[in-house]
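Visitor: I'd like a close look at one part of this structure, starting from a single residue and working outwards. What should I be looking at, and what sits around it?

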Amino acid sequence: MPDTSTYRIHGGTPVTGRIRGLGAKNFATKAMVAALLSESPTRLLNTPRIGDVEITCDMLEACGAGLDWSGEGDLAIDPSALASARVPVPDSGSNRIPILLLGVLLHRLGEAHVPVVSGCNIGARPVDFHLSAAEMFGARIVVADDGYHATRGGPLKACHYRLPYPSVGATESCLFLGVLAQGTSIIENVATEPEIIALITLLNAMGARVQLMPNRQLVMHGVDRLYGTTFEVLGDRIEAASWAALAAATDGEITVDGIDPATLINFFGPFNSVGGGVSIEGPRSIRFFRRRALQSTVLETDVFPGFATDWQQPFAVMLTQAAGASIIHETVYERRFDYLTALSALGARTQIETHCLGNVSCRFHGRDFPHSAIILGATPLRSDGLTLDVPDLRAGLAYVMAAALAEGETTITSVPRIERGYGDLPERAKGLSMRIERR
Ligand code: EPU
């Protein structure tokens, strides 16, 4: 039965309290895939119990891996009986894991059949870089109606490949292809997000020989085999930034546990410039608050170390409370401002532009994509029983924030899209003063 539960949120008061951040979805799911590169078990600690991890578990099990949860967040993956190279279509239809399994299954089983996963509500999300990379390593790929069919004659061979853009997923594909390929591979223009650094660390702990060099270059000396290991999933920097923005937006105070401040390094500057305050209370504990009246700012999203595209939605909610005109230029996804329409329904004053409102070199320049936004503040938000339907995960948490900020009651629907990345929010947010209940 599809999950039709909704969240009901009573907003309008400062949100205070403490919340334990989850392990990062965008690393945990990749680490689960990496575990299949070995033939011995890997144990992942601090693995979040969220929708996307469950979907990834189903895919891995369909390929023959054994998965076992013991204790909180302790996930054992046994890849020894891997047998099926056919990846099922994920439940959500828009999960990015199937394409990452292509290189892994090619190494382990000599072939891979991966479904075509549709785009989602933030842009087309093509996989052309992943496919070109696999071909550079020697894979033969046939594109059929039901997906990509990849085979190899012999072992995959090292290559020199330059990614057209520092894509996170394509960098991960290159890592999976290169660690076991014969010879030394050089991949240029790679992504360097903290989750990529963690993935390189995990692969090296499994016995790989991967080095991240200056200027976005990866050097991989292929090895014959990898070994299972134990590894702890890093905290989710996107979730942490969202609670930070909520604390500042509502003039509350939220302490987030389980997050390494270093992964938020380029969030703090823009957050401070708007008027947010930060106190590092322990090695993995950060208190966020409002230091002064919020003021508008100008920012552009970019690949790491730039301001993350997944931070812009919670940030935009905070900017509705900042005096003046704020500008966000989104340079990673071509269509990631649809959620502003919902904020406008709550009273926010926003405008979406197709031209670049910024200086970052942008692939969407002159291409008519709605990828710049203007937010006028400060505007009190209000909801007289409005219903907001969640379009995607990160916008979903932004809606929860907006509802917590708005005077009155808001209903949020399509909550499984939120829970894919954030788990059971009403349960998790019990340590916060936010009034959120499941219906
Ligand atoms: N791109 C291509 N061709 C490709 C691959 C990517 O044109 O073959 C383009 C994309 O269309 C996009 C840009 O490159 O415009 C960046 O995409 P990237 O590959 O970096 O994104 P991803 O790996 O699909 C991950 C996260 C996203 C996050 C981005 C950017 C996961 C599962 N997803 O996606 O997170 O926004 O990196 O940091 O790791 C989310 O968690 O909700 C989410 C969307």
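**Starting from A395**

Guide: A395 is buried, with a relative accessible area of 1%. (Buried is under 20% relative accessible area, exposed is over 50%, and partly exposed is in between, using a 1.4 Å probe and protein chains only.) Before we go on: this is a predicted model, so local features need pLDDT of at least 70 and side-chain atom pairs count only at pLDDT 80 or more, while totals for chains, interfaces and linings use all residues. Residues are numbered from 1 along each chain as its sequence is written, and side-chain values use heavy atoms, with hydrogens and water left out.

A395 belongs to helix α11. Helices (H or I, at least four residues) and strands (E, at least two) are DSSP runs, numbered from the N terminus. From A395 to V317 you cross 78 residues of sequence, yet their C-alpha atoms are 10.0 Å apart in space.

Now for the ligand. Its surroundings hold 23 residues, and K30, D128, S167, V168 and V332 are the closest; to be near, a residue needs a heavy atom within 4 Å of the molecule. Let's go through some polar contacts, meaning pairs of N or O atoms within 3.5 Å (within protein, one must be able to donate a hydrogen and the other to accept it, and residues adjacent in sequence count only if both atoms are side-chain atoms). V168 uses its backbone: an N or O atom there lies 2.7 Å from a ligand oxygen. Y333 brings a polar side-chain atom to 3.2 Å from an oxygen atom of the ligand. R394 has a side-chain N or O atom 2.8 Å from a ligand oxygen. How much of the ligand gets covered? Taken alone it exposes 820 Å², and the protein buries 91% of that; the areas come from the Shrake-Rupley method with a 1.4 Å probe, and for residues only the protein chains shown count as cover.

Our starting helix comes back here: α11 (393-405) is one of the elements that give two or more residues to the shell, along with α1 (25-34), α4 (128-136) and α5 (168-178). By residue type, the shell divides into nine nonpolar, five polar and nine charged. For that tally, Ala, Val, Leu, Ile, Met, Phe, Trp, Tyr, Cys and Pro are nonpolar, Asp, Glu, Lys and Arg are charged, and the others, Gly among them, are polar.

Let's follow α1 away from the ligand. Nine of its ten residues are buried, so the helix is mostly covered. K30 is among those buried residues, and so are F27, M32 and V33.

F27 leads us to the aromatics. The whole structure has ten aromatic pairs. One of them joins F27 and F231, tilted, with 5.8 Å from centre to centre and 50 degrees between the planes. Since F27 lies in helix α1 and F231 in strand β13 (residues 230-232), the pair ties together parts 204 residues apart in sequence. F27 is buried at 0% relative accessible area, and F231 also counts as buried, at 15%. F307 and W311 make an edge-to-face pair, because their ring centres are 5.3 Å apart and their planes sit at 70 degrees. (Rings of Phe, Tyr and Trp, its six-membered ring, pair if their centres lie within 6.5 Å; planes under 30 degrees apart are stacked, over 60 edge-to-face, the rest tilted.) F307 and W311 are both buried, and they belong to one aromatic cluster with F267, F271, F288 and F315.

Last stop, the charges. A salt bridge puts a side-chain nitrogen of Lys or Arg within 4 Å of a carboxyl oxygen of Asp or Glu, and by this rule there are 19. R428 and E239 form one, with the closest N and O atoms 2.8 Å apart. It links helix α13 (residues 425-428), where R428 sits, to E239 in helix α7 (residues 237-250), 189 residues apart. R428 counts as buried at 18% relative accessibility, as does E239 at 1%. R287 and E253 bridge at 3.4 Å between the closest N and O atoms. That pair runs from strand β16 (residues 285-290), with R287, to strand β14 (residues 253-257), with E253, 34 residues apart. Here R287 is partly exposed at 22%, and E253 is partly exposed at 37%. Salt bridges also link R8, E409, E437 and R439 into a network.
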